[in-house]
Amino acid sequence: MSERDQEEQPPGAAALRRSHAARAESAAARAAALSHYVEHRRGPAAESAGSADRAEAVWKSAHAARVAAQALAVISESAPDPAADSRCARNAAASAAQASRMGRLIDDDAEPSVAACEAALKASLAASAAAGAGRLGADGELNSEADEAEKAAVAAAERAGWIRPGQQIPSVSTGVRSGEVMSMMHL
C-alpha cells in the first residue's frame, strides 16, 4: 500500500480491518474444518446418507470452504475499507453456515450438530447486520455482536466435534478468482 493510500484511510480503518479479518479468518477456519469433517466422517449417521447425498454434502462443504477462503484472501489483498472488509467477513460467515448445514446433514441432525448449525446461522446473520447498508462495517456495537456470535459458533462447532481445539486446520485453495465472480460475491 502506498503512502498516499495510507493517508486516505479514515481513522480507525486499520482497527476495523483487524476485527473483520479476525472474524473472517475464524469463519474460514470453521468452514475448512467442516469440509474436512464432512469428507472424512465415518459412522452410522454418515452411512445413512445415500451416496449421492453424501457426495453432494462433500462438494457443498468444500465449495463453502473455498468461498470463505476467497473472502479472507480479498481482505489480505486490498487496502483497509470497513465496508468491503465487513462484506468479506459476512461472506466467510455465510459460507461457514452453509458448511454447517452439511455437517448437520452428515450427522443426521444429532442434537450437538443442530445447535452448531443454529449458532453458525446466528453468526452469519450477525455478520450480515454488521455489514448492512447504513452501517458499512463501522458500527462498533454490531461488530461486537458479530464477534461474539462467531465465538459462539466456534464453541458450538467444537461441542459438535466438527473442530478439535489445537487441530491443524487443512489449507483450502481459493481456486481461480475472476473479477466477475468476485463482483457477484460483492467483494
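A residue counts as buried under 20% relative accessible area, as exposed over 50%, and as partly exposed in between. Keep that in mind for Leu-136: its relative accessible area is 47%, so it is partly exposed. One more thing before the tour starts: the model you're looking at is predicted.

## The overall picture

Let's start with the whole chain. Its secondary structure comes to eight helices and zero strands, so if you follow the elements from the N terminus on, you read α-α-α-α-α-α-α-α. The chain has 187 residues, and 44% of them count as buried. On the outside, about 9,600 Å² is exposed, with carbon and sulfur atoms supplying 53% of that area.

What share of the contacts with a separation of 6 or more comes from residues 24 or more positions apart? The figure is 81%.

## The nonpolar core

In soluble globular proteins, nonpolar side chains tend to be buried together. Here, the largest nonpolar core has 39 residues, and Ala-31, Val-38, Ala-92 and Trp-162 are those with the most contacts inside it. Five helices, α2, α4 (51-77), α5, α6 and α7, each supply at least two residues of this core. Which helix gives the largest share? That's α2, with nine residues.

Val-38 shows what this looks like up close. Leaving out residues up to four places away in sequence, Val-38 touches Arg-54, Ala-57, Val-58, Ser-61, Met-102, Gly-103 and Ile-106.

The count of aromatic pairs comes to one. The ring centres of Tyr-37 and Trp-162 are 6.5 Å apart and the planes sit at 55 degrees, so the pair is tilted. This pair links distant parts of the chain: Tyr-37 is in helix α2, while Trp-162 is in the loop between α7 and α8 (179-184), 125 residues apart. Both Tyr-37 and Trp-162 are buried.

## Polar residues on α2

Helix α2 also holds some buried residues that aren't part of the usual nonpolar list, among them His-20, Arg-23 and Ser-35. Here they are side by side:

| Residue | Helix | Relative accessible area |
|---|---|---|
| His-20 | α2 | 0% |
| Arg-23 | α2 | 4% |
| Ser-35 | α2 | 10% |

Why does Arg-23 count as buried? Its relative accessibility is 4%, and the cut-off for buried is under 20%.

His-20 and Arg-23 are tied to each other: the side chain of Arg-23 makes a polar contact with the side chain of His-20, at 2.9 Å. Setting aside neighbours within four places in sequence, His-20 is in contact with Ile-75, Pro-82, Asp-85, Ser-86, Ala-89, Gly-137 and Asn-143. With residues up to four places away left out in the same manner, Arg-23 touches Ala-89, Ala-127, Ala-130, Asn-143, Ala-146, Asp-147 and Glu-150. You'll spot Ala-89 and Asn-143 in both lists.

His-20 also gives a nice example of sequence versus space. His-20 and Cys-88 are 68 residues apart in sequence, yet their C-alpha atoms are 7.8 Å apart.

Further along α2, Ser-35 is in contact with Ser-61, Ala-62 and Ala-65, again leaving aside neighbours within four places in sequence.

## Helix α6 and the loops around it

Now for α6, which runs over 111-131. It has 21 residues and reaches 30 Å from its first C-alpha to its last, close to the 30 Å expected at 1.5 Å a residue. Buried residues in α6 include Ser-113, Val-114, Ala-116, Cys-117, Ala-119, Ala-120 and Ala-123. What do the buried residues of α6 pack against? They pack against α2 (13-40), α5 and α7.

The loops on either side of α6 each hold a residue with an unusual backbone angle. Most residues other than glycine have a negative phi. Asp-108 isn't a glycine, but has a positive phi of about 55 degrees. It lies in the loop between α5 (82-106) and α6. Asp-108 is exposed because its relative accessible area is 51%.

Leu-136 has a positive phi too, near 50 degrees, in a residue other than glycine. Its place is the loop between α6 and α7 (140-159). As said at the start, Leu-136 is partly exposed, at 47%.

Key. Residues are numbered from 1 along each chain as its sequence is written. This is a predicted model: local features need pLDDT of at least 70, side-chain atom pairs count only at pLDDT 80 or more; totals for chains, interfaces and linings use all residues. Side-chain values use heavy atoms; hydrogens and water are left out. Buried means under 20% relative accessible area, exposed over 50%, partly exposed in between (1.4 Å probe, protein chains only). The expected span of a helix is 1.5 Å times one less than its number of residues. Contact means heavy atoms within 4.5 Å. Accessible areas come from the Shrake-Rupley method with a 1.4 Å probe; for residues, only the protein chains shown count as cover. Rings of Phe, Tyr and Trp (its six-membered ring) pair if their centres lie within 6.5 Å; planes under 30 degrees apart count as stacked, over 60 as edge-to-face and the rest as tilted. A polar contact is a pair of N or O atoms within 3.5 Å; within protein, one must be able to donate a hydrogen and the other to accept it, and residues adjacent in sequence count only if both atoms are side-chain atoms. A nonpolar core is a set of buried Ala, Val, Leu, Ile, Met, Phe, Trp, Tyr and Cys residues joined through side-chain atoms within 4.5 Å.
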